[in-house]
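Biologist: I would like a close look at a single part of this model, namely one pocket and what surrounds it. Please explain each term as you go.

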Amino acid sequence: MKTPVTVLGLGAMGTALARAFLAAGHPTTVWNRTPGRSPELDTLGATRAATASEAVAASPLVVVCLLVDATVRRTLEGLDLAGKTVANLTNGTPAQARDTAAWTGEAGAKYLDGGIMAVPAMIGGPAALIFYSGSPVAFERHEADLAAMARPAYVGSDPGLAALHDIALLSGMYGMFGGAQHALALAASEKVSAVRFTEDFLLPWLTAMLGSLPRIAKDLDEGPEGPAGSNLAMQAAGYDNLIDTAVDQGVDPALLVPMGDLLRKAVTAGHGDEDLAALVPLLRAGA
């Protein structure tokens with residue numbers, strides 16, 4: 001018999017998590033603050049708990065997927081968590097994860113924080129990934145159970161590391177899409193077809209440029225191997241053209257301005273002969 005699992009929170013993501021557990025054959029207890037949410041889970045075999053306390057008591061593994069960090073504390077605080085593994089998949093910050101790990105630990109639970117790198121429709125499929133950090137004992141015990149939702153990737157015993165990985169990847173995504181949206185706004189300023197521009201030029205260009213990320217990462221870990229192929233002094237000198245073109249075309253340059261400021265800061269700090277990896281340390285506080 002597979003491990004019984006409780007899912008707290010039946011929003012779109014929580015419902016998808018519960019569905020995945022049920023599909024994998026786990027006895028699944030569900031609870032939501034608003035009763036009756038996601039009734040289709042009843043027909044799939046879920047047991048609906050009347051209270052959060054009843055739901056937690058039903059399973060050794062308690063998966064939490066609520067709206068915000070404060071809701072997690074309001075829901076779990078005061079419940080009997082002794083001997084439970086709490087896998088908190090609520091989106092949050094590293095600091096919040098460490099705080100939650102502390103008070104759930106004081107309540108007798110083993111804690112795993114999770115960062116979901118998927119949309120609800122991907123849960124249970126091969127492309128879904130969830131980062132975990134926290135108790136290595138709990139992860140080893142429940143790795144196979146957690147795999148029902150998505151590929152589990154354990155990133156360390158510090159409870160904040162899953163949230164850090166999650167936020168870092170989301171930061172990369174939003175930065176990339178911000179640049180793409182600016183590019184599309186420029187194209188639209190001259191009535192260029194968004195579909196043709198994206199399919200023929202933007203997507204292939206971004207895909208090619210993403211290929212430089214492993215080299216940037218290696219430079220950060222090991223130091224640059226040789227002279228920059230495209231040094232920062234040259235890039236900073238040409239960057240004003242991006243801003244000026246945006247203004248001339250009636251496009252707000254707000255998404256581009258910070259990168260130009262960072263390039264100039266790097267050159268002023270003596271990094272003009274280096275490549276893009278030199279920008280990363282400058283983003284750290286106090287740099």
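Modeller: In describing a lining, Ala, Val, Leu, Ile, Met, Phe, Trp, Tyr, Cys and Pro count as nonpolar, Asp, Glu, Lys and Arg as charged, and the others, Gly among them, as polar. This is a predicted model, in which local features need pLDDT of at least 70 and side-chain atom pairs count only at pLDDT 80 or more, while totals for linings use all residues. Residues are numbered from 1 along each chain, and side-chain values use heavy atoms, without hydrogens or water.

The second largest pocket (an open set of points on a 1 Å grid where a 1.4 Å probe fits, with protein on both sides within 12 Å along at least five of seven lines) holds about 600 Å³ of space. It is lined by 27 residues (each with an atom within 4 Å of a point), of which G11, M13, C65, L66 and L67 are the closest to its centre. Helices α1 (12-23) and α4 (69-76), together with strand β6 (110-117), each supply at least two residues of this lining, which divides into 12 nonpolar, 11 polar and four charged residues.

Three of those central residues, C65, L66 and L67, are in contact (heavy atoms within 4.5 Å) with T90, which also touches V64, V68, D69, V72 and G114. T90 sits in the loop between β5 (85-88) and α5 (94-106), and T90 counts as buried (under 20% relative accessible area) because its relative accessibility is 5%. A polar atom of the T90 side chain lies 3.0 Å from the backbone nitrogen of L66, and the T90 side chain also makes a polar contact (N or O atoms within 3.5 Å, one able to donate a hydrogen and the other to accept it) with the side chain of N88, at 3.0 Å.

How values were computed: Helices (H or I, at least four residues) and strands (E, at least two) are DSSP runs, numbered from the N terminus. Buried means under 20% relative accessible area, exposed over 50%, partly exposed in between (1.4 Å probe, protein chains only). Grid points are joined across faces, edges and corners, and a volume is the space filled by probe spheres set on the points. Lists of a residue's contacts leave out its neighbours within four places in sequence.
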